[in-house]
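Hi everyone, thanks for making time this morning. Let me put the structure up on the screen, and then I'll walk you through it.

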Amino acid sequence: MPQLQRKTNEKVKVKKEKELLGTLLSVMGVGLFVVLSWAAVYLLYLSR
Amino acid sequence: MIDKRDAKLSLGFLSVSFIALFIGAIAGLLQTLVRSGTIELPLHIGYYQLLTAHGVLLALIFTTFFIVGFLYAGISKTMGALYDVPRRTAWLGFAMMTFGTILATIFILLNKATVLYTFYAPLQASPWFYVALVHVVVGSWLCAFSMWNQYYIWKRRTKNKLSPLFSYMAVMTMALWFIATLGVAATVILQFIPWSIGWVDKIDILISRTLFWYFGHPLVYFWLLPAYMCWYVVIPKIIGGKIFSDALARLSFVLFLLFSIPVGFHHQLLEPGISHSWKFFQVVLTFMVIVPSLMTAFSMFAVFETAGRKKGAKGLFGWFKVLPWKDVRFFAPMMGMLIFVPAGAGGIINASHQLNQVIHNTLWVTGHFHLTVASTVALTFFGIAYWLVPYLSGRTLTPQMNKLGIIQTIMWTVGMAFMSGAMHLVGLFGAPRRTAYTTYSDHPQAMDWVPYQAAMAIGGTILFIAILLLMYIIGYLAFKAPKGEMDFPVGEVEEEAAATPVILENWKLWVGICAALILIAYTIPFWHMIEHGPPGSTGYKFW
């Protein structure tokens, strides 16, 4: 019985991670924007 | 509805904040019109006088009064009516802060305190201006003590129960404010007041700027944390979702306390007299703030996605479409959140030593803080005011006012896109900040800046119209809207979320680590400043 319960909990966890794929990609998008902005101004710094 | 006495207290703070917002906005409009060469100021009013009024009234007064008013309302909502001693202390704090605000405004209007928002030495104001600022800060400390007292009594009476998330965040916000303002209090009381009275001839510029920026950067987080409180606690309820994780929210606030204070040197990267190694150390700590910032971004996206999926949203980003875009209580803070993406990216650029040399003292920096405090924070505060003002006044947010609020938010966003966008671009071309209109004898490079300055004036004008609209909506919601019961939205935590570890409420631990980080980051460089102190400067009054 305890084994069965553990399996059920694991299932719920896996399902939840799948649900937040949009969240993960959104945060990655924010991170990418930060990196690209930083790189753009860094290139400006190098060019001067 | 919260206790009527607490509603009155909160409304008192909000009233002063909106009056300050209106006066500061007039100064802002005039600044953009002068800077673009559109008008010349009449009656011997100075550009730098306006700049001081705009900065002090908006960055210090509007924000602080709004924040304290919002926190009191939320504390009363989540921990119950204020106890007698905290409420009396709060009114005393309000009286001191309001007195200080009136005194400071009078001296700015008399042109006796034209020292810009940063009141950097060697610019010198009347001693009364500095005395006024002391009143604002000490009054806010009384408010901090009062909130901590309320929290302490509540914890004792509930036998150390986990505090409500909103109240925990309020306590943390005021802890950050208190620790940060110790720096500005020290420079004002020990340096500026004796120097402006004439008790001493000279002031140590480096120490005064270091103490200012010890305060100046966490000040940004003092503005941001209440906006985050709205995002973490209020927004989930408004969109019909749940708080992603109570523990994550509290941990992010702990990290903001730890990493937003010992980082002032990133505002002084081009300041002589501080070694590169200490600047580097504080830049590393500055970059640590990215962690709780991305935690907040993750948490908010997760709230949106989870709520959207429950409503049946399909596809990778289908949940984005089902958000309540027509509800101004969501729309205004959401625009603030979206604007925080470029605002945060700009902040990381500013704090990077080499990149700082590209943008230092240019209009880029002005554009940057108009995205952070004047957009992310201001839009979130407007979104809060649209439901908090009628809630506290026993009135309702009507569909018509909701629609006007959405128009106001769009106008603010468009106006800021023009103004801040132009500031960012022309800053990259080298246009300086804190400068009245000049063509530098028609120098070709300065002439290239003129179209951007015109765009700033267009943006400034749109923003001012948005402020007029905001004033109308707030006035209507406070005095004219139909009587009724509004909801103070406080979200509940997701059932699946992990339990909150007790250690997150161990104040001795977090304040202790915070103090240790401050001592590590500042003790040796500060000692160097004293040991190799420059000769100091007499005061200057240019305008």
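Chain A comes with an average pLDDT of 76, and 62% of its residues score at least 70. Please keep in mind that this is a predicted model throughout. For residues 1-5 of chain A the pLDDT falls below 50, and that stretch makes zero contacts in the model beyond near neighbours in sequence. Where pLDDT is low, the coordinates shouldn't be read in detail. As for what chain A is made of, I find two helices and zero strands. Of its 48 residues, 10% are buried.

Chain B has an average pLDDT of 94, with 100% of the residues scoring at least 70. For the complex, the predictor gives an ipTM of 0.85 and a pTM of 0.92.

So let's look at where the chains meet. On the chain B side, 23 residues are in contact with 18 residues of chain A. Which elements of chain B give two or more residues to that side? They are α9, α11, which covers 328-350, and α12, which covers 353-359. The biggest giver is α9(B), with eight residues. Sorted by class, the chain B side has 15 nonpolar, five polar and three charged residues.

Let's stay with α9 of chain B for a moment. This helix covers residues 290-310, so to speak our main contact helix, with 21 residues and a reach of 30 Å from first C-alpha to last, close to the 30 Å expected at 1.5 Å a residue. Is α9(B) mostly buried or exposed? Of its 21 residues, 15 are buried, so the helix is largely enclosed by the rest of the structure. After the helix comes B:Gly312, with a positive phi near 95 degrees.

Next to the other contact elements, have a look at B:Ser352, which sits in the loop between α11 and α12 of chain B. B:Ser352 has 21 C-beta neighbours inside 10 Å, and because the cut-off for buried is 20 or more, this loop residue counts as buried. If you want a sense of scale, the C-alpha atoms of B:Ser352 and B:Leu504 are separated by 31 Å, with their positions 152 residues apart along the chain.

Now for the inside of the model. In general, nonpolar side chains in soluble globular proteins tend to be buried together. Here the largest nonpolar core has 185 residues, and the members touching the most others are B:Phe65, B:Met147, B:Met169, B:Leu225 and B:Leu388. Helix α6 of chain B, residues 205-238, gives the most to this core, with 23 residues. Taking B:Leu388 as one of those members, its contacts outside four places in sequence are B:Phe70 and B:Ala73.

Let me move on to α14 and α15. In α14 of chain B, residues 399-428, you'll find B:Lys403. B:Lys403 is exposed, with 12 other C-beta atoms within 10 Å. Its C-alpha is separated by 7.5 Å from that of B:Val328, although the two are 75 residues apart along the chain.

Helix α15 of chain B runs over residues 444-479, so 36 residues, and reaches 53 Å from first C-alpha to last, close to the 52 Å expected. Where does α15(B) bend? The bend is at B:Pro451, by about 30 degrees.

Finally, some backbone geometry for those of you who like checking torsions. Most residues other than glycine have a negative phi, and most peptide bonds are trans. The loop between α14 and α15 of chain B holds B:Arg434, whose phi is positive, near 50 degrees. B:Tyr440 is in the loop between α14 and α15 too, again with a positive phi, of about 50 degrees. What about their surroundings? B:Arg434 counts as partly exposed, with 16 C-beta neighbours inside 10 Å, whereas B:Tyr440 has 11 and counts as exposed.

As for the peptide bonds, a cis one joins B:Ala121 and B:Pro122, with omega at about 10 degrees. B:Pro122 lies in the loop between α3, residues 84-109, and α4, residues 127-157, of chain B.

That's my tour, and I'm happy to go back to any part of it.

Terms used. Residues are numbered from 1 along each chain as its sequence is written. Chains are lettered from A and ligands numbered from 1 in the order in which they are written. This is a predicted model: local features need pLDDT of at least 70, side-chain atom pairs count only at pLDDT 80 or more; totals for chains, interfaces and linings use all residues. Helices (H or I, at least four residues) and strands (E, at least two) are DSSP runs, numbered from the N terminus. Two residues are in contact if their C-beta atoms, placed from the backbone, lie within 7 Å. Ala, Val, Leu, Ile, Met, Phe, Trp, Tyr, Cys and Pro count as nonpolar, Asp, Glu, Lys and Arg as charged, and the others, Gly among them, as polar. The bend at a residue is the angle between axes fitted to the seven residues ending there and the seven starting there. pLDDT is the predictor's confidence in each residue, from 0 to 100. A nonpolar core is a set of buried Ala, Val, Leu, Ile, Met, Phe, Trp, Tyr and Cys residues joined through C-beta atoms within 7 Å.
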